[in-house]
Number of protein chains: 2
Amino acid sequence: MVVKGSDAPVDEPAARRGRRPGASTTRDEILAAARRQFAEVGFRRATVRAIAAEAGVDPKLVGHWFGGKAELFVASVQLPFDPRVLAMRIADGDRAHVGERLVAALVHGVLEDAVARGRGVALLRAVATEPQLAPLLRRLVVAEVLTPVAHAIGADHAEVRASLVASQMVGLLLMRHVVELAPLTERGADELVALVAPTVQRYLTAELPFE
Amino acid sequence: MVVKGSDAPVDEPAARRGRRPGASTTRDEILAAARRQFAEVGFRRATVRAIAAEAGVDPKLVGHWFGGKAELFVASVQLPFDPRVLAMRIADGDRAHVGERLVAALVHGVLEDAVARGRGVALLRAVATEPQLAPLLRRLVVAEVLTPVAHAIGADHAEVRASLVASQMVGLLLMRHVVELAPLTERGADELVALVAPTVQRYLTAELPFE
């Protein structure tokens with residue numbers, strides 16, 4: 001499965017990655033069609049054939065650029081930034097405020113950004129109904145962002161800490177933007193950060209109740 | 001919509017609620033068929049007709065006992081206890097340990113109980129994909145359990161506090177039992193309570209960063 005939403009077709013040798021004119025547009029059109037199809041009929045019922053038809057391209061071209069339906073879904077929910085860069089930016093700085101930096105990154109970068117929020121909600125919806133997509137959320141959120149943050153600040157039990165942070169962050173996305181709990185939708189970004197940051201700070205830096 | 005999974009048919013006068021022999025069994029068979037159908041094809045594609053056929057009863061009898069598909073779904077995910085009794089039990093006692101009592105109730109009563117966990121996951125999956133079911137989760141979790149707890153301990157901003165607690169509790173259910181994050185599935189019930197209770201305690205009793 002393609003980890004990053006690379007601009008290069010699957011298996012294309014590095015030497016051939018020079019972009020053909022118009023290739024990016026075709027790729028973007030396939031992705032846009034994929035996002036519409038996944039949103040409309042869900043991951044299970046969406047087909048590469050229907051997505052290709054909507055984008056006006058041969059299904060083989062979808063295979064060429066993305067590999068398959070699961071990889072196409074990954075690319076369609078990929079956030080428009082490098083997760084490792086984000087992790088290092090969160091980890092960098094005063095350890096006593098790492099929770100605040102992490103929650104601010106989620107709130108400003110995902111919850112308050114229409115495009116990123118839409119992709120996050122699509123990922124959450126797909127994972128909730130398709131067990132085979134669970135590894136995708138584990139990787140995109142926990143393995144690529146939260147665990148590297150815990151490691152970078154030198155925390156023990158990095159995986160447990162990252163998982164606890166994930167439970168709070170994904171729960172916040174779910175309750176604010178899927179369930180749309182009014183007391184959360186009515187709160188502004190800065191208030192949300194102030195409310196939730198101490199939780200994440202504790203998960204990342206407090207002593208844990210086991211060896 | 002029927003709030004509680006009452007044993008009495010919809011609109012039946014109280015004086016007529018004497019149980020007919022076999023009525024409870026039929027009701028249970030309809031509920032069991034409903035749980036299987038909702039789990040198999042999801043809320044949207046499930047039909048009262050198919051559920052009635054699987055239970056071997058006339059669809060009108062489903063209407064008689066439950067009222068409609070949404071009410072049938074509510075009954076199928078209803079936890080086997082009265083939410084108001086649960087809320088009062090959590091609120092009752094030392095205010096400094098209300099977070100621990102609340103998380104212990106979720107972990108032991110839902111996460112570690114196969115039947116309750118199955119219903120919780122079914123509710124979460126349905127809400128994630130069917131926006132029309134969001135009010136159901138708002139009511140079953142936030143309005144009937146968490147907000148009454150916050151009110152009972154005399155907290156200000158009870159709705160905000162209840163919503164924050166919901167984001168952590170539902171996020172924990174999601175990440176441990178839908179996404180199945182290994183660092184969470186590997187932790188025992190008591191460890192989970194110790195890890196998460198301080199978060200809930202803070203959401204319920206700490207001073208909030210606004211008026």
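**Notebook: a serine in helix α9 and its surroundings**

I began with A:S167, which is buried at a relative accessible area of 0%; I take buried as under 20%, exposed as over 50% and partly exposed as in between, with a 1.4 Å probe and protein chains only. The model is predicted, so I kept in mind that local features need pLDDT of at least 70 and side-chain atom pairs pLDDT 80 or more, while totals for chains, interfaces and linings use all residues. Residues are numbered from 1 along each chain as its sequence is written, chains are lettered from A and ligands numbered from 1 in the order in which they are written, and side-chain values use heavy atoms, with hydrogens and water left out.

**Entry 1: around A:S167**

I placed A:S167 in helix α9 of chain A, where helices are DSSP runs of H or I with at least four residues and strands are runs of E with at least two, numbered from the N terminus. A polar atom of the A:S167 side chain lies 2.7 Å from the backbone oxygen of A:L164. This fits a polar contact, that is, a pair of N or O atoms within 3.5 Å, where within protein one must be able to donate a hydrogen and the other to accept it, and residues adjacent in sequence count only if both atoms are side-chain atoms. Apart from neighbours within four places in sequence, I found A:S167 in contact (heavy atoms within 4.5 Å) with B:S167, B:Q168, B:G171, B:L172 and B:M175.

**Entry 2: how the chains are related**

I then looked at the superposition of the copies, done by least squares on the C-alpha atoms of residues with pLDDT of at least 70 in both. A turn of 180° and a shift of 0.0 Å along the axis lay chain B on chain A with an RMSD of 0.1 Å, and that is the relation of a two-fold axis. In chain B the C-alpha nearest the axis belongs to B:G171, at 1.9 Å. I noted that 100% of the interface residues of chain B are also interface residues in chain A, so the copies meet through the same surface.

**Entry 3: chain A as a whole**

I counted 11 helices and zero strands in chain A, and 50% of its 211 residues are buried. Of the contacts in chain A between residues at least 6 apart in sequence, 69% join residues at least 24 apart.

**Entry 4: α7 against α9 in chain B**

I found helix α7 (residues 114–129) of chain B packed on helix α9 (residues 158–177) of chain B at about 100°, with axes 11 Å apart; the axes are lines fitted to C-alpha atoms over the stretch in contact, and angles run from 0 to 180 degrees between N-to-C directions. The pair is therefore roughly perpendicular, a class covering 65 to 115 degrees, with under 35 roughly parallel, over 145 roughly antiparallel and the rest oblique. B:R117, B:G120, B:V121 and B:L124 in α7(B) meet B:V170, B:L173, B:L174 and B:H177 in α9(B).

**Entry 5: two histidines and a valine**

Most residues other than glycine have a negative phi, and I therefore noted A:H157, whose phi is positive, near 45°. A:H157 sits in the loop between α8 (134–152) and α9 of chain A and is partly exposed at 23%. B:H157 likewise has a positive phi of about 45°.

Last, I checked B:V98 in helix α6 (residues 98–111) of chain B, which is buried at 0%. B:V98 touches, among others more than four places away in sequence, B:V149, B:I153 and B:L204.
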